[in-house]
Amino acid sequence: MTTLENFYFGNITPSDHRQSKDTKKKLSEMTDLLDELKSLLTDEQQKEKMEQIDSCQLSLIALSERDAYIEGFKLGVKMTTEIYADTQQRG
């Protein structure tokens with residue numbers, strides 16, 4: 001089965017990708033730091049704001065990954081188009 005067929009039949013899900021060791025390490029570090037900061041906060045309103053910031057940050061990461069995927073896909077299609085056009089010109 002080709003990659004396009006696998007993609008069509010749902011065997012490939014672009015959003016399911018593996019994170020690098022570096023990414024996992026940084027996310028773990030960030031989570032630890034946020035947990036530490038939350039434990040230092042005394043006021044309930046401060047803790048609530050910290051949780052809102054944490055949630056917002058996670059959303060930003062997801063949006064950033066989505067945007068990077070889309071841009072990468074566009075670049076791949078552009079390169080493929082240029083290569084195809086070049087091969088057609090050379091005959």
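Begin by selecting Lys 74 and Glu 71, whose side chains form a salt bridge with the closest N and O atoms 3.7 Å apart. Keep in mind throughout the tour that the model on the screen is predicted. Both residues belong to helix α3, and because they are three residues apart there, about one helical turn separates them. If you colour by accessibility, Glu 71 should appear as partly exposed, with a relative accessible area of 47%.

Next, select Asp 67 and Arg 66, where another salt bridge joins the two side chains at 3.0 Å, N to O. Asp 67 is partly exposed at a relative accessible area of 37%, and Arg 66 also counts as partly exposed, with 46% relative accessibility.

Now select Asp 54 together with Lys 38, a salt-bridged pair whose closest N and O atoms are 3.3 Å apart. This pair links distant parts of the chain, since Asp 54 sits in helix α3 and Lys 38 in helix α2, with their positions 16 residues apart in sequence. Are these two residues buried or exposed? Both Asp 54 and Lys 38 are buried. In the whole structure, a search finds five salt bridges, and the pairs visited so far are among them.

Leave the paired charges and select Asp 43, Glu 44, Glu 48 and Glu 51, which gather on the surface as a patch of negative charge. Within this group, Glu 48 lies in helix α3 and is partly exposed, its relative accessible area being 48%.

For a patch of another kind, select Phe 7, Ile 12, Tyr 69, Ile 70, Phe 73 and Val 77, which together make a nonpolar surface patch of about 550 Å². Which element gives the most to the nonpolar patch? Helix α3 does, with four residues. Ile 12, by contrast, is found in the loop between α1 (3-8) and α2 (21-40), and at 34% relative accessibility Ile 12 counts as partly exposed.

As a last stop, select Lys 78, which lies in helix α3, a helix that covers residues 44-90. Lys 78 counts as exposed because its relative accessible area is 52%, and the cut-off for that class is over 50%. To see how Lys 78 is placed with respect to another lysine, add Lys 24 to the selection and draw a line between the two C-alpha atoms: the residues are 54 apart in sequence and 31 Å apart in space.

Note on methods:
Residues numbered from 1 in each chain as written. Predicted model: local features only at pLDDT ≥ 70, side-chain atom pairs only at ≥ 80, totals over all residues. Heavy atoms only, no water. Helix = DSSP H or I, 4+ residues; strand = E, 2+ residues; numbered from the N terminus. Buried < 20%, exposed > 50% of the residue type's maximum accessible area, 1.4 Å probe, protein only. Patch = residues over 30% accessible without salt bridge, like charges linked within 9 Å, V, L, I, M, F, W, Y side chains within 5 Å. Areas by Shrake-Rupley, 256 points an atom, 1.4 Å probe, with all protein chains shown as cover. Salt bridge = Lys/Arg side-chain N within 4 Å of Asp/Glu carboxyl O. Lys, Arg positive; Asp, Glu negative; His and termini not counted. Charge placed at Lys NZ, Arg CZ, Asp CG, Glu CD.
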